[in-house]
Every structure is written in C-alpha cells, then in structure tokens.
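Here are a few exercises to work through with the model open in your viewer. Try each task before you read its solution.

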Amino acid sequence: MPEYASLIQLSLKTHGPMIDAAGADHLVRRQGWLELYRTPEKLAARVKEAEEARRLYGVEFAQLDRAALEEKEPSLSDTIIGAIHWLDPWTVADPGGLVAAYAQAFSKDGGRILQSDIKSVQQVGDRWQVNTAAEVLEVDNVVVALGPWAGSWLKELGYHFPTFVKRGYHMHYAPQAPAKLNFWVMDAEVGYLLAPMNAGIRLTTGAELDRLDAPADVNQLGAAEKVARGVFPLGERRDEAPWKGARPCLPDMKPVIGPAPRHPGLWLAFGHGHQGFTLGPATGHLLADMMEGQPTAINMAPFRADRF
Ligand SMILES: Cc1cc2nc3c(=O)[nH]c(=O)nc-3n(C[C@H](O)[C@H](O)[C@H](O)COP(=O)(O)OP(=O)(O)OC[C@H]3O[C@@H](n4cnc5c(N)ncnc54)[C@H](O)[C@@H]3O)c2cc1C
C-alpha cells in the first residue's frame with residue numbers, strides 16, 4: 001500500500017534524531033531482522049514478494065540458505081531451511097527504556113509531562129478544558145492519542161470510528177547456554193517472533209481477535225512457546241505472567257492522523273495497529289506540522305479522519 005509505505009519510510013528518519021538527543025544508542029541495533037522459513041516453496045514465494053517490495057519501495061533484503069543462516073544464527077534447529085534477512089530495519093532491546101529516555105530528553109528541554117487519568121475534556125469557547133485526576137488544564141489544542149481507548153472516548157464527542165483491537169502477548173525466557181540468539185527472528189510459517197531483549201529472549205505472539213477488556217487467554221502464548229522450543233533452546237520463563245497488549249486498529253489498517261472534523265483544536269492520532277512504537281515519532285512530527293500550518297513531509301489525505 002503506497003500510502004502506508006510513505007508513512008513507514010519516515011520511521012527511521014524521525015527516531016534517529018530522537019535516539020541521538022536521548023543518548024539512547026545503546027538500546028538500538030542496526031542489523032535488520034530474519035524471517036525464517038521451513039519449506040523451500042514458501043521461502044521462494046516470499047522472495048518473489050520481497051523482490052517486488054524492493055522494486056516498488058526500495059527495501060533491501062538478502063536471501064539466506066541454511067548455511068548462510070547458520071553463520072548468523074548457529075542455534076536454530078534444522079527444521080528451518082533458510083530465511084529472508086531484511087537489512088534496513090532497526091530493532092530495540094528495551095522499547096520501554098527507549099520511550100523513557102525520550103521522555104527524559106523532552107523534560108530536559110523544558111517540556112512538561114503530567115501522568116494522570118483524564119476524567120473529561122470539554123470545549124470552552126475556542127479553547128479546551130481537560131479535567132484530570134490531578135488538575136484542570138486550559139489549553140488551545142488537545143491530541144487524542146489514546147490507542148485502543150480512542151474509539152470509545154471519541155464517542156462522547158459524537159465520532160463513531162470502527163475501531164477494534166488485535167491483542168497479543170509476550171514472555172521473556174532465560175537464554176540456555178551455549179545457545180545465543182543474535183537477531184530478531186520471525187517463524188513466518190507459524191506466526192510468532194523471538195527477540196534478544198535486555199530482559200531476556202522475548203517471545204511475541206501474533207494477533208488474537210477479542211474484546212479489549214476480555215480476560216487474557218494464555219493458550220496463544222503456550223502454543224507458540226511449544227513450537228518455539230523446537231526451533232531455539234529457550235530456558236525457563238522469566239515473567240510471572242505473560243504481558244498482554246492490544247494493537248489499536250481500523251478496518252483499512254491505517255492510522256487516523258490529523259484534525260477532528262467537527263472540533264477546531266482537537267487532533268487525532270490513533271489506530272497505529274502493529275507499528276505504533278515504530279510510527280510514534282513520525283506521527284508526532286506530522287501532527288506538529290499540521291498544527292502549525294506547515295507543509296507535511298507526506299500527503300496526509302489517506303490518514304484523514306473523515307474517510308470513515
Ligand atoms: C504483542 C504486541 C507486539 C507489538 N510489537 C510491536 C512492534 O514490534 N513494533 C511496533 O511498532 N509496535 C508493536 N506493537 C503495537 C504497539 O504496541 C501499538 O501500536 C502502540 O502501543 C500504539 O500506541 P498508542 O500510543 O497509540 O497507544 P498505547 O500505547 O496503547 O497508549 C495509549 C495510552 O492511553 C492511556 N489512556 C487510556 N485512557 C486514558 C485516560 N482516560 N486518561 C489518561 N490516559 C489514558 C493508556 O494508559 C495508554 O498509556 C505491538 C503490540 C502488541 C500487542
């Protein structure tokens with residue numbers, strides 16, 4: 001989807017200066033990631049798609065046979081016959097740590113961060129009043145960046161976005177010496193990811209379609225763990241319970257970024273699906289330019305709120 005490509009292509013350009021400003025380079029690895037395959041036919045079909053992506057969008061990759069893969073990841077079981085090495089992406093060994101470093105750099109630059117529950121938001125004349133559990137704020141502009149909670153919150157202002165969530169889980173495992181995981185790897189034919197994080201080897205699951213507030217179902221993680229243990233030697237679990245998150249989605253799998261159609265001073269930034277961490281800084285830049293009436297780096301029409 002060309003319009004999604006235009007957005008995602010801003011991600012490294014916008015994270016880069018923030019990583020520098022936050023002094024957080026030690027959290028970032030610039031070595032791409034590996035998409036693992038079990039069957040030659042599926043790998044060959046995916047290579048065709050990768051070639052098309054390279055032609056259309058300039059994304060770089062290398063095809064690895066078993067021997068080339070073994071040089072990068074010697075501890076994978078031989079059920080894995082090859083991989084695509086996506087060369088451009090960066091990975092982060094502690095996403096929470098990186099966001100905390102961004103927040104610290106923002107505060108050091110004079111920004112103010114208030115962490116509190118928002119109780120209500122009202123338009124008062126041409127300004128906005130935000131009532132939080134801690135204090136009442138009078139402001140010119142409000143940005144609704146409430147992820148999976150944005151849809152229900154916006155109903156109160158008369159907007160009905162068809163939001164839904166794709167839930168997912170992760171768990172950290174101790175490494176089992178001498179095995180070592182060097183890259184982020186995705187077991188593409190099954191649909192989970194293993195990543196060498198600071199907290200341990202993280203297993204992340206794919207999409208679970210359920211309500212935001214439905215109880216956690218540990219079976220998805222359990223099933224992925226069973227398969228993953230056959231691919232890479234994982235040690236014991238390190239977290240008491242699996243982490244559960246929700247990817248905030250809209251039916252066309254594109255976010256809404258821009259002004260609210262009927263409320264001057266109200267701005268929307270939600271629906272970032274699988275890539276909200278990746279797209280946070282790009283979204284912030286684009287919104288800031290729109291709020292200041294400046295030209296944006298990309299065409300924002302595909303991300304307008306009134307497409308729904
Ligand atoms: C298993 C899993 C793996 C993922 N992996 C990746 C990945 O590798 N890369 C990537 O880019 N993305 C990934 N994502 C997606 C990413 O987590 C989301 O896209 C991203 O968190 C969305 O960001 P957001 O700021 O819009 O929403 P959120 O991060 O959900 O933030 C919304 C915030 O609003 C707050 N809030 C809600 N109501 C109120 C209120 N009344 N008052 C005050 N605050 C309120 C919430 O507490 C929350 O902090 C993954 C998601 C899952 C579930």
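**Exercise 1. Two packed helices**

Work out whether α2 and α5 are roughly parallel or roughly perpendicular to each other.

*Solution.* Keep in mind that this is a predicted model. Start with the axes: those of helix α2 (residues 11-22) and helix α5 (residues 95-108) come within 9 Å and cross at roughly 70 degrees. Next, bring in the cut-off: angles of 65 to 115 degrees count as roughly perpendicular. So α2 and α5 are roughly perpendicular to each other.

Now see who makes the contact. On the α2 side you'll find H15, M18, I19, A21 and A22, and α5 brings L98, A101, Y102 and A105. Sort them by class and you get eight nonpolar residues, one polar and no charged ones.

**Exercise 2. A salt bridge between distant parts of the chain**

Find the partner of D187 in a salt bridge, and say where the two residues sit in the chain.

*Solution.* The partner is R38, with the closest N and O atoms 2.5 Å apart. D187 belongs to strand β11 (residues 185-187), while R38 lies in the loop between β2 (33-37) and α3 (40-57). That puts the pair 149 residues apart, so the bridge links distant parts of the chain.

Then check the surroundings. A relative accessible area under 20% means buried, so D187, at 2%, is buried. R38, at 24%, counts as partly exposed.

**Exercise 3. Salt bridges inside a helix**

Take the pairs R46 with E49 and E225 with R229, and work out how each is spaced along its helix.

*Solution.* First pair: the closest N and O atoms of R46 and E49 are 2.8 Å apart. Both residues are in helix α3, and because they are three residues apart, about one helical turn separates them. R46 is partly exposed at 26%, and E49 is partly exposed at 47%.

Second pair: E225 and R229 meet at 3.1 Å, N to O. These two are in helix α7 (residues 219-229), and because they are four residues apart, about one helical turn separates them. E225 is buried, with a relative accessible area of 12%, whereas R229 is partly exposed at 34%.

**Exercise 4. The wider salt-bridge picture**

How many salt bridges does the structure hold, and which residues are linked with E3 in a network?

*Solution.* The count is 16 salt bridges. As for the network, E3 is linked with D252, K254 and R307.

**Exercise 5. Around L34**

Decide whether L34 is buried or exposed, then list what it touches beyond its neighbours within four places in sequence.

*Solution.* Locate L34 in strand β2. Its relative accessibility is 0%, so L34 counts as buried. With the sequence neighbours set aside, L34 is in contact with L64, L69, K72, E73, I84, H85, F183, W184, V185 and M186. For a distance to check in your viewer, try D88: it is 54 residues from L34 along the chain, and their C-alpha atoms are separated by 11 Å.

**Exercise 6. The domains**

Say which stretches make up each domain, and how many residues each brings to the contact.

*Solution.* Domain 1 takes in 33-88 + 164-249, and domain 2 takes in 97-163 + 250-307. Taken over C-alpha atoms, the centres of domain 1 and domain 2 are 31 Å apart. The contact takes eight residues from domain 1 and twelve residues from domain 2.

Key. Residues numbered from 1 in each chain as written. Predicted model: local features only at pLDDT ≥ 70, side-chain atom pairs only at ≥ 80, totals over all residues. Heavy atoms only, no water. Salt bridge = Lys/Arg side-chain N within 4 Å of Asp/Glu carboxyl O. Buried < 20%, exposed > 50% of the residue type's maximum accessible area, 1.4 Å probe, protein only. Axes fitted to C-alpha atoms, helices over the stretch in contact; angles between N-to-C directions. Parallel < 35°, antiparallel > 145°, perpendicular 65-115°, else oblique. Contact = heavy atoms within 4.5 Å. Nonpolar A, V, L, I, M, F, W, Y, C, P; charged D, E, K, R; others polar. Domains from an automatic or database assignment.
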